[in-house]
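I opened my notebook to look up how the helices pack and where the rings meet. My entries follow.

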Amino acid sequence: MLLKRYTGNLLLLILLFLLLAFFFLGDVFIPKAIDFSDYPMLHSVFVVFLGLFLESIPFLFLGAIASSFIQLFISEEIIQRMIPKRPLTAIFAAIAAALIIPVCECAIIPVVRRLIQKGVPVHAGVVLLVTAPILNVIVFGSTYYAFQNNPSILYGRIILCVLTAIIAGLFIHIFSTKDVVKEDKVELVQGHVHDSQSSKWTSFIDHTSQEFFMVGRYFIIGALFASVFQVFMDRSVMADIGQAPIKGTALMMGIAFVLSLCSSADAFVAASFSHSFLPGSILGFLVFGPMLDLKNVLIMMSCFKRSFVVTYVLLIFAVVFSLCLIAGGLISKGGF
């Protein structure tokens, strides 16, 4: 199993270098008989994709390192002791705890499940699900870098994340039951398993490589989709939808759900849409995506009961959609 895992990583690394070599050296080594000048739009897709890819790689790598550190050196018991039992206090304590849990939306789900099983209130667990993928240094840095000329997007992402967490946490505390976790004996969503004889540093390197390639696969697919979308989408249609607050926000939230990007690098994809969509719609992409996407809904279904997942999905969509419309109006009037 270990050999198979490392072989898969090696093949992915080779493919990565081949991809980069194709982009940088393709014009030199591709036979002259193949004339790509007849396909300018294809060339544009490559250029847009390469820009997204190269900008995001450092943040993907930093996110993988941070996730590995949390996984190996910070126990769930430490986080549990930080979260009190009182509802309001627990919500704000969970928001504070999210600042030291720089993991993606997939990695946080099994962690929250175990915390709830150990006694952490359900509403505090929901706050962690909402805030952990966004409120950390890695995501802050990538969002700042991607939107240097538009700081309202950075501030808006953080403010809307906190507001969503508070509203969702209070709602879950009032209306949800405590029995939300599936009590399956077999863990359907497993972390990375390490040999008990391995050193901490060996485990750290192994976990980091696994995290990087797992997240990187989703990002490459998402970046490629965004590149094709940007190049081939009819600009008039894009302008019509993008300049309509309700349609544009709904569309960007839907795109974020389907792309399932890692929050440490999704800002670069969002920035590629910023010329066609209003700030409120961009915030919908940046806030909704880390909280809910296709892959983490599937993971949630394996960890939590269906009724809770349905409630969570509808609640987060309604809250984020409403807040983004309000935020978009404020930004257009000079707010944030």
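How many helices and how many strands are in the chain? I counted 15 helices and zero strands; helices are DSSP runs of H or I with at least four residues, strands are runs of E with at least two, and numbering starts at the N terminus.

**Ground rules.** This is a predicted model, where local features need pLDDT of at least 70 and side-chain atom pairs count only at pLDDT 80 or more, while totals for chains, interfaces and linings use all residues. Residues are numbered from 1 along each chain as its sequence is written, and side-chain values use heavy atoms, with hydrogens and water left out.

**Whole chain.** I looked up burial and found that 49% of the 336 residues are buried (buried is under 20% relative accessible area, exposed over 50%, partly exposed in between, with a 1.4 Å probe and protein chains only). Next I checked contacts, meaning heavy atoms within 4.5 Å. Of those between residues at least 6 apart in sequence, 85% join residues at least 24 apart.

**α13 against α15.** At what angle do α13 and α15 pack? I got about 155 degrees, with the axes 8 Å apart; axes are lines fitted to C-alpha atoms, for helices over the stretch in contact, and angles between N-to-C directions run from 0 to 180 degrees. That makes α13 roughly antiparallel to α15 (under 35 degrees is roughly parallel, over 145 roughly antiparallel, 65 to 115 roughly perpendicular, the rest oblique). Their crossing is right-handed: the near helix is turned clockwise from the far one by less than a right angle, and anticlockwise would be left-handed. On the α13 side I noted P279, G280 and L283 among the residues that meet α15, whose own list includes Y312, I316 and F317. By class, this contact has 12 nonpolar, three polar and no charged residues. Here Ala, Val, Leu, Ile, Met, Phe, Trp, Tyr, Cys and Pro count as nonpolar, Asp, Glu, Lys and Arg as charged, and the others, Gly among them, as polar.

**α8 against α13.** Helix α8 (residues 151-175) packs on helix α13 (residues 279-291) at about 50 degrees, with axes 10 Å apart. The two are therefore oblique to each other, and α8 passes α13 in a right-handed crossing. I wrote down I153, G156, R157, L160, C161 and T164 as the α8 side of the contact. Sorted by class, it has 10 nonpolar, two polar and one charged residues.

**α6 against α15.** The axes of helix α6 (residues 122-131) and α15 come within 13 Å and cross at roughly 55 degrees. I logged V122, V126, L129 and V130 of α6 meeting F308, Y312 and I316 of α15. This contact divides into seven nonpolar, no polar and no charged residues.

**Rings.** How many aromatic pairs does a search of the whole structure find? Eight turned up, counting rings of Phe, Tyr and Trp (its six-membered ring) with centres within 6.5 Å; planes under 30 degrees apart are stacked, over 60 edge-to-face, the rest tilted. One of them, F273 with F277, is edge-to-face at 6.1 Å centre to centre and 80 degrees between the planes. F273 is buried at 0% relative accessibility, and F277 is buried at 4%. The rings of F288 and F317 have centres 6.0 Å apart and planes at 85 degrees, so I put that pair down as edge-to-face too. F288 lies in α13 and F317 in helix α15 (residues 306-332), 29 residues apart. F288 is buried at 5%, but F317 is partly exposed at 38%. Last entry: ring pairs link F273, F277 and F285 into a cluster.
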